[in-house]
Amino acid sequence: MKLKEPDIKDVLKYFYEISKIPRMSGKEEKIADYIENFAKERNLKYIRDIYNNIIIFKDSTKSNKSNESIML
């Protein structure tokens, strides 16, 4: 199965939103909040630790179960 190419407008929208969020070292709360809300809005499971590291989990599609997991 070939994956659908993302619309460049959608990609650029997220980059623009992220670029407006201050995220200095030791001050990652606002970007972590953004990512957490992203996960919540899409009903995705996530873990956020006390250092504002976030992992979002998304199950593969039924037709794509054999693919490896990735982490960005």
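**Exercise 1. Decide whether Tyr 51 is buried or exposed in this predicted model, and say where it lies.**

Solution. Begin with the relative accessibility of Tyr 51, which is 60% in this predicted model. The cut-off for an exposed residue is over 50%, so Tyr 51 counts as exposed. Next, place the residue along the chain: Tyr 51 belongs to the loop between S1 and S2. Finally, look for a residue that is distant in sequence, and take Glu 28, which is 23 residues away from Tyr 51 in the chain, while their C-alpha atoms are 8.2 Å apart in space.

**Exercise 2. Work out in which sense strands S1 and S2 pair, and what joins them.**

Solution. First find the two strands, S1 at residues 45-48 and S2 at residues 54-57, and note that they pair over 4 bridges in the antiparallel sense. Then pick out one position in S1 and look across from it, where Ile 47 is found to stand opposite Ile 55 of S2. As a last step, follow the chain from one strand to the other: S1 and S2 form a hairpin, with 5 residues between them, and Asn 52 is in the turn.

**Exercise 3. Which sign does phi have in Asn 43 and in Asn 52, and is each residue buried or exposed?**

Solution. Start from the general expectation, which is that most residues other than glycine have a negative phi. Now turn to Asn 43, whose phi is near 55° and therefore positive although the residue is not glycine. Asn 43 sits in the loop that runs between helix H2 (29-41) and S1, and with a relative accessible area of 73% it is exposed. Then take Asn 52, where phi is near 70°, again a positive value in a residue other than glycine. Asn 52 is placed in the loop between S1 and S2, yet its relative accessibility is 18%, and since buried means under 20%, Asn 52 counts as buried.

**Exercise 4. How many salt bridges does the structure hold, and which parts of the chain does the one between Arg 48 and Asp 33 link?**

Solution. The count for the structure is 4 salt bridges. In the one between Arg 48 and Asp 33, the closest N and O atoms are 2.9 Å apart. This pair links distant parts of the chain, for Arg 48 is in strand S1 and Asp 33 is in helix H2, with 15 residues from one to the other. To complete the picture, compare the two partners with the cut-offs: Arg 48 has a relative accessibility of 25% and counts as partly exposed, and Asp 33, at 36%, counts as partly exposed too.

**Exercise 5. Describe the salt bridge between Glu 36 and Lys 40, then the one between Arg 42 and Glu 41, and find the network.**

Solution. Take Glu 36 and Lys 40 first: their side chains meet in a salt bridge with an N to O distance of 3.3 Å. Both residues lie in helix H2, where they are 4 residues apart, about one turn of the helix. Glu 36 counts as buried at 14% relative accessibility, whereas Lys 40 counts as partly exposed at 45%. Move on to Arg 42 and Glu 41, whose side chains meet in a salt bridge at 3.5 Å, N to O. Here Arg 42 is partly exposed at 33%, while Glu 41 is exposed at 62%. The last step is to look for shared partners, and salt bridges of this kind join Asp 33, Glu 36, Lys 40 and Arg 48 into one network.

Definitions and conventions: Residues are numbered from 1 along each chain as its sequence is written. This is a predicted model: local features need pLDDT of at least 70, side-chain atom pairs count only at pLDDT 80 or more; totals for chains, interfaces and linings use all residues. Side-chain values use heavy atoms; hydrogens and water are left out. Two strands pair if DSSP finds at least two bridges between them. Buried means under 20% relative accessible area, exposed over 50%, partly exposed in between (1.4 Å probe, protein chains only).
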